[in-house]
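Colleague: I am new to this structure and would like to go through it with you slowly. Could you take my questions one at a time and explain the terms as they come up?

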Amino acid sequence: SAVSLPVSSHSQGPVSDDRKLYLSVIFMIILFKVAVLMIWGPGIAPDTSGYARFATLILEGRDWLTNAALQDSAIPTTVFRMAGYPMFIALTQLVSAENWQWIVVLSQFCLSVLSLFSLSRLVSELGIHPWGGAFCLVSVGLSFSLLLDNMILTDSFATSILVIVLSENAIATLRGRPFSFVQALFFGVLITVAFLFREGVATLSILFVVPLLIRAFVAEKHGWRSGAAIVVFFVPLVLVIQVYASWNEGRTGYRFVTSGGQTVYLQGLVDAAEKDPRIFSGNEPLEITARDHVKNFEFSEVLAIQASLFQQGYVAPELANMSKQKYFRSWVEYPGSMLRMTFGHIRENYAALTFRPLGSLRQIGLWINGEKPWPDYRELRNDMFNNAGAFCLFIGEMLERIIAIAITIAFVIGPIVWVVLLCLGKTESKRERLVCAALWVVYFGFLFAHALVHVETRYLAAVVPSSTLIGCLGIQKIIFRNKLVEPKF
């Protein structure tokens, strides 16, 4: 029989049937991931060797704690990368030197399951229909998560932690619960753990102020305490950043967290120089060296610049500082070119990230086996009438793209419309509207923060799940806008 459309469930958790459905979906996702792992094995990316090398240094002794090996290369391993993931890899190697990669991936699976469970709770709180919620979980669990959880990269752990924090905070906001000091400290510790895996989390965590402020604003009581708890949220992160920087200062003489900026900032400058040669027209060592090496505007040339400057006597922390100073100076000297570079990093294919099981499966095959299990969308289109398999895959990927783009459009437009209606007093769902608006801000904050230097689709993995949920919620509101009951799915 038809059931009433759930308008809101802010006052109660998922009903029993919903829980069973969502747990069943999560269980099927786990089985599918394990099957992919058994067939193809753990995925090795170009960055994997750096983490493994760091882990080896950890297991070999304590020398890495006091010796950063700045004179050994332009990009020393223990200076360029955060220590969290290598430490975890070293731990798994102690458990099993032969099967450590499998242990890492299975551990990533476990944390990913917790993030999916948090998302299932948020689905129910938003009042998304159970079958729509099941679709959301499938979309999240078999898109980015399918790819990143199978790879030996920091993205999976960091993404899962950020998703958990965003989801659990959104759930508490929808229920009108104040932000307690204990929960603030717990969330802060989680964010700090994510930071130890990926340095960029420190900067991106600033965006969490938006959903936390919304929570303080709509809390049923103790609003001022919720505001004060935001400070507590950042305490663990700030303390660990200072300890980490002090450790590096003690072993190198330079105060910094990592030297990752030596490639991150320089990559953005190289991208900007492709449209504006004036970017490297000065007489500083970095600019002179860049003119000698930048021809095709590729990442390999960024590494070549670093290597050349290292030969000239500059070490990694100095290279990072040079790149950073040049980057921000370029924003002052050539704001138009830097702005064009930023917007140039935002590609139309980001609209297809909300639902891409086939695309993720193809990408896993490419990363693990070195070749695609089937051609990409454009190649399939050219061969679709000559091969039945290609035709089926093309139709599948075409539908996948249509669904993803529809969800993304609903996500981009929905929260804007809802906030306008809220301001006009034409809606009573204040908490829901503001929560969606906060997650909308976090999403675009992540996008533009990365676009300022360099964007890879996996950098958005932590915020795509919320865009999927909000997009599906928007579509549901459009479909059932004038209906008291909904049809059976």
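Colleague: How much area does the protein expose, and what percentage of it do carbon and sulfur atoms supply?

Modeller: This is a predicted model, in which local features need pLDDT of at least 70 and side-chain atom pairs count only at pLDDT 80 or more, while totals for chains, interfaces and linings use all residues. Residues are numbered from 1 along each chain as its sequence is written, and side-chain values use heavy atoms, with hydrogens and water left out. Accessible areas come from the Shrake-Rupley method with a 1.4 Å probe, and for residues only the protein chains shown count as cover. On that basis the protein exposes about 22,300 Å², and the part supplied by carbon and sulfur atoms is 63%.

Colleague: What is the radius of gyration of the protein, and why does it agree with a compact globule?

Modeller: The radius is taken over C-alpha atoms, and the globule rule is 2.2 Å times the number of residues to the power 0.38. The C-alpha atoms fill a box of roughly 75 × 65 × 55 Å along the principal axes. Because a compact globule of 489 residues would have a radius of gyration near 23 Å, there is agreement with the protein's value of 24 Å.

Colleague: How many helices and strands does the secondary structure come to?

Modeller: Helices (H or I, at least four residues) and strands (E, at least two) are DSSP runs, numbered from the N terminus. Counted in this way, the protein has 23 helices and 2 strands.

Colleague: Which residues have the most contacts inside the largest nonpolar core?

Modeller: A nonpolar core is a set of buried Ala, Val, Leu, Ile, Met, Phe, Trp, Tyr and Cys residues joined through side-chain atoms within 4.5 Å, where buried means under 20% relative accessible area, exposed means over 50% and partly exposed lies in between, with a 1.4 Å probe and protein chains only. Buried residues make up 54% of the 489 residues in the protein. The largest core has 107 residues, and those with the most contacts inside it are Phe233 and Phe446.

Colleague: Which helix gives the largest share of this core?

Modeller: The share in question amounts to 10 residues of the core. They come from residues 155-174, which form helix H9.

Colleague: Is Arg362 buried or exposed?

Modeller: Arg362 lies in helix H19, which covers residues 357-369. Contact means heavy atoms within 4.5 Å, and, leaving aside neighbours within four places in sequence, the residues in contact with Arg362 include Trp374, Asp376 and Glu397. Because its relative accessibility is 13%, Arg362 counts as buried.

Colleague: What is the relative accessible area of Glu397, the contact partner in helix H21?

Modeller: Glu397 is placed in helix H21, residues 388-423. Not counting residues up to four places away in sequence, Glu397 touches Leu358, Arg362, Trp374, Pro375, Tyr377 and Leu380. Glu397 is buried, with a relative accessible area of 3%.

Colleague: How many Å separate the C-alpha atoms of Arg433 and Trp418 in space?

Modeller: Arg433 is found in helix H22, residues 430-451, and is buried, with a relative accessible area of 9%. Along the sequence Arg433 and Trp418 are 15 residues apart, while in space their C-alpha atoms are separated by 5.9 Å.

Colleague: Is Met38 buried or exposed?

Modeller: Met38 belongs to helix H1, residues 16-40. With a relative accessible area of 58%, Met38 is exposed.

Colleague: What is the phi of Ala69?

Modeller: Most residues other than glycine have a negative phi. Ala69 is in the loop between helix H3 (63-66) and helix H4 (77-80), and is partly exposed, with a relative accessible area of 23%. Although Ala69 is not a glycine, its phi is positive, at about 55°.

Colleague: What is the relative accessible area of Leu70?

Modeller: Leu70 lies in the loop between H3 and H4. Not counting residues up to four places away in sequence, Leu70 touches several residues, including Thr252, Tyr254, Phe310 and Pro317. Leu70 is buried, and its relative accessible area is 10%.
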